[in-house]
Amino acid sequence: MRVVSLALAFVLIISCPYGTLASESISFPSARLYEKDTDTQGIDGYLFKPEGAGPFPAVVLLHANGGVTKHLTENWSEFLTGLGYAVLVPRSNESRGIERGTRGNLNTRSLNLMKDGYGALDALAERSDINGDAIAVMGFSLGANAINQIMYGWKLRNLSGREFKAAVPLYGRCERMKSGYDPNVNVPILQIIPELDNVASRADQCITLNKLWGMETLILKDTHHAFDNPLVSGRTDGGGHYMEYSDSATVEARAAILDFLVKHLGN
């Protein structure tokens, strides 16, 4: 299956406090996804780039409920930059003053994450070192919900007219796609589903819906929520969902993501 001109407020070379990669700290406005939307909150983010001058294909990473951690700025950023992709991690929680562990209105949280993701897309597309026609989005838990709910459930689009070339939700809630997967959205999607995920998403429901709609799907056998994050292994999150790291599942997911990104972004 087939799964506006913006200026950066500042660019400063720094050492990212969450990881070992050198990064640029950038700021950009959150995107508008509907006509009456007046919220263009300023969002800070970390940009990681491979060696060389570019222009690079890029991936925007949408964090889980807990905000930005080494899970994104170190584990995934090192992996993706090593493959030749630039990575932008929006600090959505931090920029919006949301404290770690806050659950709040998850519909609003998902909407804001997707707005920030599209804002990151617009910001990246304005840069000469980024290939603006080859930018994907990946989301984790709440970030995956943002993709499933906003892009596919509510079908809200970026008013700037720019669109991601591919989307990868990892352990998101498939019922957020309640209106059904729409292949006419023209954004290929790879849904990554841990078989034993006990989040309210119900892995069985994800599997059934994904088979029905025919989107690209990776079902990770005997795998739990947050399987790729060793920082939270053996814990439960604020909603009582069990999390367990799996090295083999992470390797399998990364191989599938690499194939998917190469197919849709090149590199």
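Buried here means under 20% relative accessible area, exposed means over 50%, and partly exposed is whatever falls in between (1.4 Å probe, protein chains only). Helices (H or I, at least four residues) and strands (E, at least two) are DSSP runs, numbered from the N terminus. This is a predicted model, in which local features need pLDDT of at least 70, side-chain atom pairs count only at pLDDT 80 or more, and totals for chains, interfaces and linings use all residues. Residues are numbered from 1 along each chain as its sequence is written, and side-chain values use heavy atoms, with hydrogens and water left out.

**View 1. Helix α4, a mostly covered helix.** Of the 12 residues in α4, 12 are buried. They run Leu142, Gly143, Ala144, Asn145, Ala146, Ile147, Asn148, Gln149, Ile150, Met151, Tyr152 and Gly153. What does the covering? The cover over these buried residues includes β4, α3, β6, β7 and β8, with contact meaning heavy atoms within 4.5 Å. Now for the span: the expected value for a helix is 1.5 Å times one less than its number of residues. For a straight helix of 12 residues that comes to 16 Å, but the end C-alpha atoms of α4 span only 14 Å. Just past the helix, lysine 155 takes a positive phi of about 55°.

**View 2. Alanine 144, inside helix α4.** Alanine 144 is buried, with a relative accessible area of 0%. Setting aside neighbours within four places in sequence, alanine 144 is in contact with Gly139, Pro169, Leu170, Tyr171 and Gly172. One of these partners gets a distance too: the C-alpha atoms of alanine 144 and tyrosine 171 are separated by 6.7 Å, with their positions 27 residues apart along the chain.

**View 3. Two non-glycine residues with positive phi, serine 141 and tyrosine 171.** Serine 141 sits in the loop between β6 and α4, and its phi is near 55°. How accessible is serine 141, buried or exposed? Its relative accessible area is 17%, so it counts as buried. Tyrosine 171 belongs to the loop between β7 and β8 and has a phi of about 45°. Tyrosine 171 is buried as well, at 5% relative accessible area.

**View 4. Where helix α3 (residues 106–125) crosses helix α4 (residues 142–153).** The two axes come within 8 Å and cross at roughly 85°. That makes α3 roughly perpendicular to α4. For the scale, angles of 65 to 115 degrees count as roughly perpendicular, under 35 as roughly parallel, over 145 as roughly antiparallel, and the rest as oblique. The axes are lines fitted to C-alpha atoms, for helices over the stretch in contact, and the angles run from 0 to 180 degrees between N-to-C directions. On the α3 side you'll find Leu106, Asn107, Arg109, Ser110, Leu111, Leu113, Met114 and Tyr118, meeting Leu142, Gly143, Asn145, Ala146, Ile147, Gln149, Ile150 and Met151 of α4. Sorted by class, this contact has 10 nonpolar, five polar and one charged residues. The sorting takes Ala, Val, Leu, Ile, Met, Phe, Trp, Tyr, Cys and Pro as nonpolar, Asp, Glu, Lys and Arg as charged, and the others, Gly among them, as polar.

**View 5. Methionine 138 in strand β6.** At 0% relative accessibility, methionine 138 counts as buried. Which residues does methionine 138 touch, not counting those up to four places away in sequence? They are Val59, Val60, Leu61, Leu62, Trp76, Leu80, Ile147, Val168, Leu170 and Ile257. Its C-alpha atom and that of leucine 170 are separated by 7.5 Å, though the two residues are 32 apart along the chain.

**View 6. Helix α6 (residues 247–265), with buried residues on one face.** At 1.5 Å a residue, its 19 residues should span 27 Å, and the end C-alpha atoms are 26 Å apart, which agrees. Ala249, Thr250, Ala253, Ile257, Phe260, Leu261, His264 and Leu265 are buried in α6. Seen down the axis, these buried residues fall within an arc of 100°, so they line one face of the helix; the arc is that of the directions from the helix axis to the C-beta atoms. They pack against β4 (56–62), α1 (70–82), β6 (130–140), β7 (166–170), β8 (190–194) and β9 (216–220). On the other side, Ser248, Val251, Asp259 and Lys263 are exposed. Glycine 266 follows α6 and has a positive phi, near 85°.
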